[in-house]
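Please find below some remarks on the model, set out as numbered points for you to check against the coordinates.

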Amino acid sequence: MTTIVLADDEALLRTALTALLPMEGDITVLAEAHDGATAVEATLRHQPDVLVIDLEMPGVDGLDAVAEIRRVRPEQVILMLTRHARPGVLRKALRLGVQGFVSKSAEPAHITSVVATLHAGKRWIDPDVSALAVVDDCPLTDRELDVLRETGSGYSVVDIAARLHLAPGTVRNYLSNAMQKTQTHTRHEAARYAREHDWL
């Protein structure tokens with residue numbers, strides 16, 4: 001018997017999966033969640049074997065919810081449902097320790113088998129998801145992404161330099177390169193552009 005919490009903002013899909021998954025395999029749905037905040041609360045309260053969570057939800061999205069859950073319950077097994085995993089999103093999810101990715105269009109029987117695979121300690125990424133994810137369209141270097149991430153958190157150039165152990169002039173160079181590559185006029189615009197393209 002595998003226990004899950006199911007988080008998806010689409011009521012029809014969530015209700016259908018809650019009904020169908022137990023019919024396809026040895027699964028018990030402990031709780032449903034309609035958004036990221038509820039997913040965090042339900043996961044921490046019920047402590048399921050596997051959290052099945054939609055990537056895109058209103059308010060706290062799937063990645064933010066996973067990050068929050070990981071802080072409190074680092075061992076939580078997570079299966080992410082996604083329509084279109086862009087490279088940055090998939091990389092971020094993998095960094096957070098998400099073990100599985102399944103397309104939202106997958107058959108319930110397939111989702112059930114992937115839940116069992118993850119519960120057994122293995123990983124799974126649907127081929128159509130991984131094919132999308134390997135097309136890495138980010139022109140920014142890791143260091144440029146680092147300084148944009150700090151910029152997005154509101155830090156000044158001097159603060160960023162201190163936090164990343166770099167010289168302020170080096171930080172300015174990275175920001176300048178990032179602005180050129182994103183064709184933006186300020187570092188904040190560059191950070192926003194990178195975030196909108198899921199590079200951060």
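1. The model is a predicted one, and the remarks that follow should be read with that in mind. Ser103 lies in strand 5, which covers residues 100-103, and with a relative accessible area of 8% this residue is buried, because buried means under 20%.

2. The side chain of Ser103 is joined to that of Ser105 by a polar contact of 2.8 Å. Once neighbours within four places in sequence are set aside, Ser103 is in contact with Thr82, Asp126, Asp128 and Val129.

3. Asp54 has its place in strand 3, residues 50-54, and it counts as buried at a relative accessibility of 3%. Its side chain makes a polar contact of 3.0 Å with the side chain of Lys104, and the side chain of Asp54 also reaches the backbone nitrogen of Glu56 at 3.5 Å.

4. With residues up to four places away in sequence not counted, Asp54 touches Ala7, Asp8, Asp9, Gly62, Leu81 and Lys104; Lys104 is thus listed here as well as in the side-chain polar contact.

5. Turning to the helices, the axes of helix 9 (residues 168-182) and helix 10 (residues 187-196) come within 9 Å and cross at roughly 60°, and the two helices are therefore oblique to each other. The crossing in which helix 9 passes helix 10 is left-handed.

6. On the side of helix 9 the contact is made by Leu175, Ala178, Met179 and Thr182, and on that of helix 10 by Arg187, Ala190 and Tyr193. These residues divide into 5 nonpolar, 1 polar and 1 charged.

Key:
Residues are numbered from 1 along each chain as its sequence is written. This is a predicted model: local features need pLDDT of at least 70, side-chain atom pairs count only at pLDDT 80 or more; totals for chains, interfaces and linings use all residues. Side-chain values use heavy atoms; hydrogens and water are left out. Helices (H or I, at least four residues) and strands (E, at least two) are DSSP runs, numbered from the N terminus. Buried means under 20% relative accessible area, exposed over 50%, partly exposed in between (1.4 Å probe, protein chains only). A polar contact is a pair of N or O atoms within 3.5 Å; within protein, one must be able to donate a hydrogen and the other to accept it, and residues adjacent in sequence count only if both atoms are side-chain atoms. Contact means heavy atoms within 4.5 Å. Axes are lines fitted to C-alpha atoms, for helices over the stretch in contact, and angles run from 0 to 180 degrees between N-to-C directions. Angles under 35 degrees count as roughly parallel, over 145 as roughly antiparallel, 65 to 115 as roughly perpendicular and the rest as oblique. A crossing is left-handed if the near helix is turned anticlockwise from the far one by less than a right angle, and right-handed if clockwise. Ala, Val, Leu, Ile, Met, Phe, Trp, Tyr, Cys and Pro count as nonpolar, Asp, Glu, Lys and Arg as charged, and the others, Gly among them, as polar.
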